[in-house]
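I opened this model to look up how its strands are arranged, and I am keeping my notes in the order in which I looked things up.

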Amino acid sequence: MTSYAAAGVDIDAGERAVELMKSKVARSRRPEVVDDASGFAGLFDASALLGYRRPLLTTSTDGVGTKVMLAQRLGRHDTIGIDLVGMVVDDLVVCGAEPLFMTDYIACGKVVPERIAEIVGGVAEGCRLAGAALIGGETAEHPGAMGADEYDLAGAATGVVEADDMLGPHRVREGDVVLALASSGVHSNGYSLVRHIIKLAGLPLEREVAEFGRTLGEELLEPTRIYSLDCLALARSVEVHAYAHITGGGLEGNLARSLPPAVDAVLDRSSWTPPAVFGFLAEHGKVAQADMDRTFNLGVGMAAIVPADAVDPALTLLKERGLPAWVLGEVVAGSGRARYR
């Protein structure tokens, strides 16, 4: 006789993981969440949308890429879920949408309840920081397909924006100003290049790096900054025309997506100094500036495009919220490109 456990799937461990994560998930709860005793699906009270004239539902899905491999190497699993939320909800907020709820999916070679609870705890914390509810998820054990210590995670979120308030290229005008909102570090893009540099240069993750004030591994695992509440507060307080979430493709690639075809965003590279981690990676990997520009956020995790008379109040509000921001460039006549001077 054989069994599911003999095949490598531990149902009891999965049930224990669920129990361990319950209190952490509860911290992300919103009043619209409706309890479902069966637990097969998450429920959200859509009557909350009745106050909208024409609510547009928005959705986004993403993962955290190979950053999970560094988390696994370092045995640090409590922040990778924050990265997941940041990558998902900050895509939603680009159009001005408020994130409402999120679900996650974790695939692993072996369910270790404490580790799964740490991962989901990070997702729940990220949802709390984003103002979204974590209303469901799934953990799948894949013995044979993944090693016992391997896992990957992905998630999807739903948000809502009033149709008349939707932000985007249709609002951007010549004479607008581009504001940079600081990143917390590398965020969750470019980690295939990061790992390639580490391998080529023989860099131990445990190495203390003076410029960071901590180890290389700790710097690289710094979680993605979550901008959704800051962006929503900014759009409520001043006129905002567009946002751009700076992920893979860098500033030029992502800002271009938020421009109409008749203008360019001209960026001033001298307006900021990228965090030390980017110079460290470029030096040890001998990475050309063009590749750095296309791969990493270089210290700008989100950009906001606002009219010129909104610049000062916007920067004041962001400073009050503890988010470093500065004037990055301007919108001029062009052909829909973002470029450096």
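**Entry 1: the sheet of four strands.** In this predicted model, I began with an open sheet of 4 strands, and I read its order as S3-S6-S4-S5, with mixed pairing. I noted that strand S3 (55-63) and strand S5 (133-141) stand at the edges, each with a single partner strand, so one side of each has no neighbour in the sheet. When I looked up the angle between neighbouring strands here, I found an average turn of 15°, with direction ignored.

**Entry 2: one pair inside that sheet.** I then followed strand S4 (residues 98-108), which is joined to S5 by 8 bridges, and the two run parallel. Which residue in S5 is the bridge partner of Cys 108? I found that this partner is Glu 141.

**Entry 3: helices on that sheet.** I looked up two helices that lie across strands of this sheet. Helix H3 (residues 80-92) lies across S3, S4 and S6, and its direction makes an angle of about 30° with S6. Helix H4 (residues 113-130) lies across S4, S5 and S6, and I noted that it runs at about 165° to S4.

**Entry 4: a domain record.** I checked UniProt, where an unreviewed entry places the feature "domain: PurM-like N-terminal" at residues 57-161. In the model, the end C-alpha atoms of residues 57-161 lie 7 Å apart, and the span is 37% helix and 36% strand.

**Entry 5: the sheet of six strands.** Next I turned to an open sheet of 6 strands, again with mixed pairing, whose order is S10-S12-S7-S13-S11-S14. Its edge strands are S10 (242-245) and S14 (338-340), each of which pairs on one side only. Neighbouring strands of this sheet are turned by 30° against each other on average, direction ignored. I also noted that S10 is joined by 4 bridges to strand S12 (residues 300-306), and that these two run antiparallel; His 245 stands opposite Met 302 in S12.

**Entry 6: helix H7 and a pocket.** Helix H7 (residues 228-237) lies across strand S7 (177-182), S10 and S12, running at about 165° to S10. I then looked at the second largest pocket, which holds about 330 Å³ of space. Of the 17 residues that line this pocket, the closest to its centre are Gly 96, Asp 165, Leu 232, Ala 235 and Arg 236. Which elements give two or more residues to the lining? They are strand S6 (151-162) and H7. I sorted the lining by class and wrote down 9 nonpolar, 1 polar and 7 charged residues.

Terms used:
Residues are numbered from 1 along each chain as its sequence is written. This is a predicted model: local features need pLDDT of at least 70, side-chain atom pairs count only at pLDDT 80 or more; totals for chains, interfaces and linings use all residues. Side-chain values use heavy atoms; hydrogens and water are left out. Two strands pair if DSSP finds at least two bridges between them. Axes are lines fitted to C-alpha atoms, for helices over the stretch in contact, and angles run from 0 to 180 degrees between N-to-C directions. Contact means heavy atoms within 4.5 Å. UniProt positions are given in the numbering used here, feature names are shortened, and annotations may be inferred rather than shown by experiment. On a 1 Å grid over the protein atoms alone, a cavity is a set of points where a 1.4 Å probe fits but cannot get out, and a pocket is an open set with protein on both sides within 12 Å along at least five of seven lines; lining residues have an atom within 4 Å of a point. Grid points are joined across faces, edges and corners, and a volume is the space filled by probe spheres set on the points. Ala, Val, Leu, Ile, Met, Phe, Trp, Tyr, Cys and Pro count as nonpolar, Asp, Glu, Lys and Arg as charged, and the others, Gly among them, as polar.
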